[in-house]
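Student: Please take me slowly through one part of this structure and explain each term as you use it. I would like to begin with a single pair of residues and then follow how it fits among the rest.

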Amino acid sequence: MCGIVGYIGDKQAAPILIDGLEKLKYRGYDSAGVCTNDGEKFIVEKEKGKIEVLQQMTGKGKKIAGTVGIGHTRWATHGKPSKENAHPHISQSESFAVVHNGIIENYMELKSELIRKGVKFVSATDTEVVAQLLEYHYNGDVLDTITKVMPMLKGSYALGIMYREMPDEIIAVRKGSPLIIGIGEDENYLASDVPAILDKTKNIYRLDNGEIAVIKRDGIVVYDLSGNVVEKTVETITWSVDAAKKDGYEHFMLKEIMEQPKAVHDTIIERIKDGRVVLDEIRLTPEQIRNFDKINIVACGSAYHVGVVAKYIFEKILRKPVEVDVASEFKYRDPIVDEKTLTIVISQSGETADTKEAMKEAQRKGSYAIAIVNVVGSAIAVEADDVIYTLAGPEIAVATTKAYSAQLAVIYLMAIYFGDILGKICKEDYKNYVSELLALPEKITDILDRIEDIKNTASKLFARKDVFFIGRNIDHALSLEGSLKLKEISYIHSEAYAAGELKHGTISLIEKGTLVIALATYEDLHEKICSNIEEVQSRGAYVLGIGCENRQHLSHSADSTIFIPKTCDMMLPSLAVVPMQILAYYIARFKGCEIDTPRNLAKSVTVE
Ligand code: G6P
């Protein structure tokens with residue numbers, strides 16, 4: 001969703017801002033804008049639609065004067081995508097300019113109050129309220145005014161603020177939504193996300209909740225809410241600019257699919273020492289692990305699908321009950337969670353509002369929350385009791401691939417680690433799990449080497465209108481992800497179904513030519529899934545089976561097949577997901593879809 005960028009230095013600001021916005025567009029947006037201060041006044045250019053529109057209007061920013069400015073990509077929440085609703089927002093007398101990520105929950109109340117006092121609004125956004133409030137309450141001291149206005153705002157937000165009379169500073173405020181400050185030489189940057197400024201500087205400060213930064217050309221001072229100066233530590237970003245570039249691939253999604261062996265390798269390698277799983281980074285003690293009577297998993301989208309896989313794994317290995325919830329439902333069903341419940345939160349971005357709120361709800365009820373997160377320092381990572389980072393590197397395509405795989409790898413690590421502490425894994429199984437885990441990157445590479453065959457399969461299937469993904473047990477959990485991948489980027493209607501459940505209603509939708517993708521990797525239920533394949537075939541379905549290479553006779557049941565290498569049951573999803581990602585990618589490509597930024601979707605969804 002929305003992205004923030006800011007610049008202050010000696011160079012022309014607008015080209016830098018627009019360049020930064022370009023790098024944030026992967027987050028999903030529907031309008032973009034910049035505002036500079038030329039020393040006397042604000043210059044604002046914004047428009048709905050692609051950044052290319054803004055680039056054309058402004059000559060890639062060259063037509064806009066000023067060496068200080070803020071920019072924004074907006075994903076509409078309050079008010080439709082339009083020029084008026086695009087950020088930056090300017091207060092009535094043009095004294096404050098504001099860009100904002102997140103949500104001001106009480107904006108209606110604040111807006112009505114300001115309207116009663118005579119303030120005129122031009123947009124339908126919650127953000128404009130912030131600009132107007134700052135102007136209305138301005139007391140001669142910008143920092144003091146911001147500190148007084150902040151408590152009036154309910155919700156979570158990251159703000160970039162400029163005051164017209166002070167063209168030598170940008171003020172950044174964080175409550176909930178992430179913000180970083182890029183440290184340059186005689187110039188500094190502001191951004192909601194590292195890729196926006198990574199080619200300018202690798203040294204950053206991450207603002208913590210409740211911090212306010214005054215960013216000048218030659219210095220940055222960070223304050224807490226009481227006005228005390230906070231000593232920040234400089235963090236040096238270790239990933240290269242190339243990590244956030246396409247590297248010769250046509251799409252980020254394809255690049256990220258190909259990066260999966262590395263993502264899995266990097267995530268596990270430092271956590272396996274002398275054949276033992278070591279999770280040094282968590283404070284959770286073996287005693288606490290033994291005392292939990294239930295595990296509770298909350299997440300959204302693909303991360304939720306990792307949770308569903310985890311349920312099968314944890315229940316089988318740990319013999320503890322596991323509940324998995326879509327985060328947006330969890331908070332509002334008054335879940336039965338207490339200090340004997342371990343909550344596992346899964347999120348690539350670490351910013352997803354529903355997931356964050358669900359985690360807080362569990363914590364409020366006394367549950368210990370471990371987060372599996374990809375983005376370092378993100379809100380969920382900071383607010384969780386423990387965090388295990390996936391080391392997938394930056395993921396740009398909206399449809400997740402390598403982060404999903406890295407999250408699965410952490411689930412396996414946790415299953416082995418917890419299983420050992422609980423005494424549920426014998427020596428032999430332990431050894432086998434660890435060696436299978438270490439072998440995963442190579443087995444994923446084996447599948448990637450056959451990408452052309454899968455592309456060829458996709459070329460025969462891309463015109464289908466309806467697709468069903470079926471599977472049993474862990475294959476069912478995985479079918480959810482296969483189906484989501486396909487529909488989100490190819491816009492083909494698809495559904496995932498527990499194979500045994502299909503005949504209780506949905507089988508009526510199967511007709512001649514309906515594509516059914518049958519996941520048949522789970523050995524114990526192989527015969528049963530083969531019966532389900534026959535059920536749909538006899539009603540006209542075309543079945544593509546995905547199974548393990550030691551089960552070649554799947555070729556007799558299915559109309560076509562993709563085989564994956566054999567591994568232990570719990571790790572099958574890491575292999576079977578890869579052909580489904582490749583299929584979805586090529587089907588979308590054959591259909592001519594915009595793969596990396598599918599319509600209506602955002603990479604990180606920062607509103608509930
Ligand atoms: C969005 C993305 C999905 C992602 C979900 C959860 O909907 O489009 O790909 O799975 O958010 O995101 P998170 O960052 O919490 O994993």
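Tutor: Arg-283 and Asp-386 form a salt bridge in which the closest N and O atoms are 3.4 Å apart; a salt bridge here is a side-chain nitrogen of Lys or Arg within 4 Å of a carboxyl oxygen of Asp or Glu. Arg-283 lies in the loop between β17 (276-277) and α8 (286-291), whereas Asp-386 belongs to strand β22 (residues 386-389), so the pair ties together parts that are 103 residues apart in sequence. The helices (H or I, at least four residues) and strands (E, at least two) are DSSP runs, numbered from the N terminus. The two partners differ in their surroundings: Arg-283 counts as exposed at 60% relative accessibility, while Asp-386 counts as buried at 2%. Buried means under 20% relative accessible area, exposed means over 50%, and partly exposed is in between, with a 1.4 Å probe and protein chains only.

Before going further, keep in mind that this is a predicted model, in which local features need pLDDT of at least 70 and side-chain atom pairs count only at pLDDT 80 or more, although totals for chains, interfaces and linings use all residues. Residues are numbered from 1 along each chain as its sequence is written, and side-chain values use heavy atoms, with hydrogens and water left out.

A second salt bridge joins Lys-566 and Glu-523, with 3.6 Å between the closest N and O atoms. This pair, too, links distant parts of the chain, since Lys-566 sits in the loop between β27 (560-564) and α19 while Glu-523, 43 residues apart from it, sits in the loop between β25 and α17. Lys-566 counts as partly exposed at 29% relative accessibility, and Glu-523 is also partly exposed, at 25%.

The loop between β25 (515-520) and α17 (526-537) also holds Thr-521, which is buried, with a relative accessible area of 2%. The side chain of Thr-521 makes a polar contact of 2.5 Å with the side chain of Asp-475; a polar contact is a pair of N or O atoms within 3.5 Å, where, within protein, one must be able to donate a hydrogen and the other to accept it, and residues adjacent in sequence count only if both atoms are side-chain atoms. If residues up to four places away in sequence are not counted, Thr-521 touches Asp-475, Ile-546, Gly-547, Cys-548, Ile-564, Leu-572 and Ala-576, contact meaning heavy atoms within 4.5 Å.

Returning to salt bridges, a search of the whole structure finds 41 of them. In another of these, the side chains of Arg-589 and Glu-250 meet at 2.9 Å, N to O. Arg-589 lies in helix α19 (residues 572-590) and Glu-250 in the loop between β15 (235-236) and α6, so this pair ties together parts that are 339 residues apart in sequence. Both residues are partly exposed, Arg-589 with a relative accessible area of 29% and Glu-250 with one of 46%. Elsewhere, Asp-19, Lys-23, Asp-199 and Lys-200 are linked in a network of salt bridges.

The wider setting is given by the domains: the assignment for the protein chain gives domain 1 (3-243), domain 2 (247-447) and domain 3 (450-596), with bounds that come from an automatic or database domain assignment. The centres of domain 2 and domain 3, taken over C-alpha atoms, are separated by 25 Å, and 37 residues of domain 2 are in contact with 37 residues of domain 3. Between them these two domains bury about 3200 Å², 67% of it on carbon and sulfur atoms; buried area is the accessible area (1.4 Å probe) that two parts lose on being put together, summed over both. Across this interface the rule finds two salt bridges, and 16 residue pairs, both at pLDDT 80 or more, are in polar contact. On the side of domain 2 that touches domain 3, the elements that give two or more residues are α6 (252-258), α9 (301-318), α13 (402-421) and α14 (427-448). The residues of that side divide into 23 nonpolar, nine polar and five charged, where Ala, Val, Leu, Ile, Met, Phe, Trp, Tyr, Cys and Pro count as nonpolar, Asp, Glu, Lys and Arg as charged, and the others, Gly among them, as polar.
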